[in-house]
Each structure stands twice: as C-alpha cells, then as structure tokens.
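Please look over the sequence and the model below before reading on. The report that follows takes up charge, fold, overall dimensions and one helix in turn.

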Amino acid sequence: MIVAGFLGSPRQGGNTEILLDAALAAAAGAGAEAEKIRLWALDFSGCIECEDCYATGVCTQEDEMEGVYELLERADRILVASPIFFMGLPAQAKAMIDRCQCYWAQKYLLEEDFPHQGSARRYGAFIGVGGTRGEKLYDGTILTLKYFFDAIAAEPLTNEYVLVRGVDDKGDIEDHAGALEAAASLGRLLAEKE
Ligand SMILES: Cc1cc2nc3c(=O)[nH]c(=O)nc-3n(C[C@H](O)[C@H](O)[C@H](O)COP(=O)(O)O)c2cc1C
C-alpha cells in the first residue's frame, strides 16, 4: 500500500508540511509505505495546452513532472496538502493538477483506464490550511480537487477533507492539536481503508 503525499506549500517546514508529515507518519505507522514529493523543489511548468496528450494520453513537456507522474501511477492513495493562496491552490499545486490533463485525455478522449500499477482501490484526500476563517475559503479548491481526483481515478476517501482555518504564521499549526490529530487520523485511514 503506497500512500503518496504531494506538498503544495512552497514554505519549507510550514503549517502544511507539518500536517502532511503527521499524516504520512501515521500512514507509515499503520503499515503503509509513505512517500512525499515537495512540489516546490521540482523544476516543472504548468500545462501549455499544446493538446499533444489529446492524441496520445502522454504529456510531451520534458521536465521534472516526470517523477510526479511516476508516483501518481504507482501510488494507491493520493494525499494533496496545500495552503490556500488567494482563495485557491498555490501555483505549485495547481501546476501539478493542470499537468494531469493527460490523464483527463486518457479517460475522456481516449477512453483508457488510468495506468495504476497497484491493485488496491485508489483513494484521494486533501489537507488544507488557510490564514483566514472565511466560510467560502475552500469552495473553489474543493471543486478543483473533485475534478483532479476524477481525472486520476481516485475516489474521495471521505466526504470531508481536513480543512484548517485561521492558521497563518509559520509553525502556528503546532498549537492546533486538533488539526494534527485530524491529519494523523486521515493518514491512518488512508493506510487502512480497503
Ligand atoms: C500569496 C499568499 C496568498 C494567501 N492567500 C490566502 C487566502 O486567500 N486566504 C487565506 O485564508 N489565507 C491566505 N494566505 C495565508 C496562508 O494560507 C497561511 O499563511 C498558511 O498558514 C500557509 O501555510 P504554509 O505555512 O504551509 O505555507 C495566503 C498566503 C500567501 C503567502
């Protein structure tokens, strides 16, 4: 069982990374193989809408998105963790999602199955962190994730994601025991759900 965590925050050791690490540690504690990709550390571009993948299902941009595709296809559980920037996902996380247009093309244009290398059911989950407490803080992001998980053939793990509000300064999440425990519970569930 491979649980893959994708860090959307560009802030090293920030609130999101602390929560993602808590989730992945709990998944590993529950017997899964946990892997993490820090998107900020990779050199890759957003989708350029060249439409090459519409004919082949394969992205023709050559950059470090290659390792992301490899893990997305190998993983059984996909966990995206990201802060909210301007009411949506930061560029790093959104660029990864946009580059998954090739999987959308595989599914909807070429009618191919997702090239999952494992045999377990695939689930997707999300951990979000925002500095404000706005009611609509996650509305756009939840929609984006819904369509992302659909394109990569990952069912939502639960009806609700871990959505943290009112956490802004680096490290402030440490004072939110509830958020750390919620992230750990999510990690365990990712590892254990059949
Ligand atoms: C460019 C930028 C845009 C942001 N936009 C929002 C926003 O729209 N809503 C919000 O609640 N917080 C916003 N924030 C605050 C972050 O979500 C918050 O600081 C969060 O804790 C960062 O998580 P991190 O430590 O993992 O990077 C923004 C922060 C930055 C740097």
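## Charge

In this predicted model, the chain carries 17 positive and 32 negative charges, and the mean positions of these two groups lie 6 Å apart.

## Fold

The chain holds seven helices and six strands, and when it is read along the sequence these elements follow the pattern β-α-β-α-α-β-α-α-β-α-β-β-α. Where contacts in the chain join residues at least 6 apart in sequence, 81% of them link residues that are at least 24 apart.

## Dimensions and surface

A compact globule of 194 residues would have a radius of gyration near 16 Å, and because the chain has 16 Å, the two agree. Taken along the principal axes, the box filled by the C-alpha atoms is roughly 50 × 35 × 30 Å.

Of the 194 residues in the chain, 46% are buried. The accessible surface of the chain comes to about 9,400 Å², and 49% of this surface belongs to carbon and sulfur atoms.

## Helix H4 and its surroundings

Which residues are buried in helix H4, which spans residues 91-98? They are Ala93, Ala95, Met96 and Ile97.

These buried residues of H4 pack against two strands, E1 (2-7) and E3 (77-83), and against three helices, namely H3 (65-74), H5 (101-109) and H6 (139-151).

Note on methods
Residues numbered from 1 in each chain as written. Predicted model: local features only at pLDDT ≥ 70, side-chain atom pairs only at ≥ 80, totals over all residues. Heavy atoms only, no water. Helix = DSSP H or I, 4+ residues; strand = E, 2+ residues; numbered from the N terminus. Rg over C-alpha atoms; globule rule 2.2 N^0.38 Å. Buried < 20%, exposed > 50% of the residue type's maximum accessible area, 1.4 Å probe, protein only. Contact = heavy atoms within 4.5 Å. Areas by Shrake-Rupley, 256 points an atom, 1.4 Å probe, with all protein chains shown as cover. Lys, Arg positive; Asp, Glu negative; His and termini not counted. Charge placed at Lys NZ, Arg CZ, Asp CG, Glu CD.
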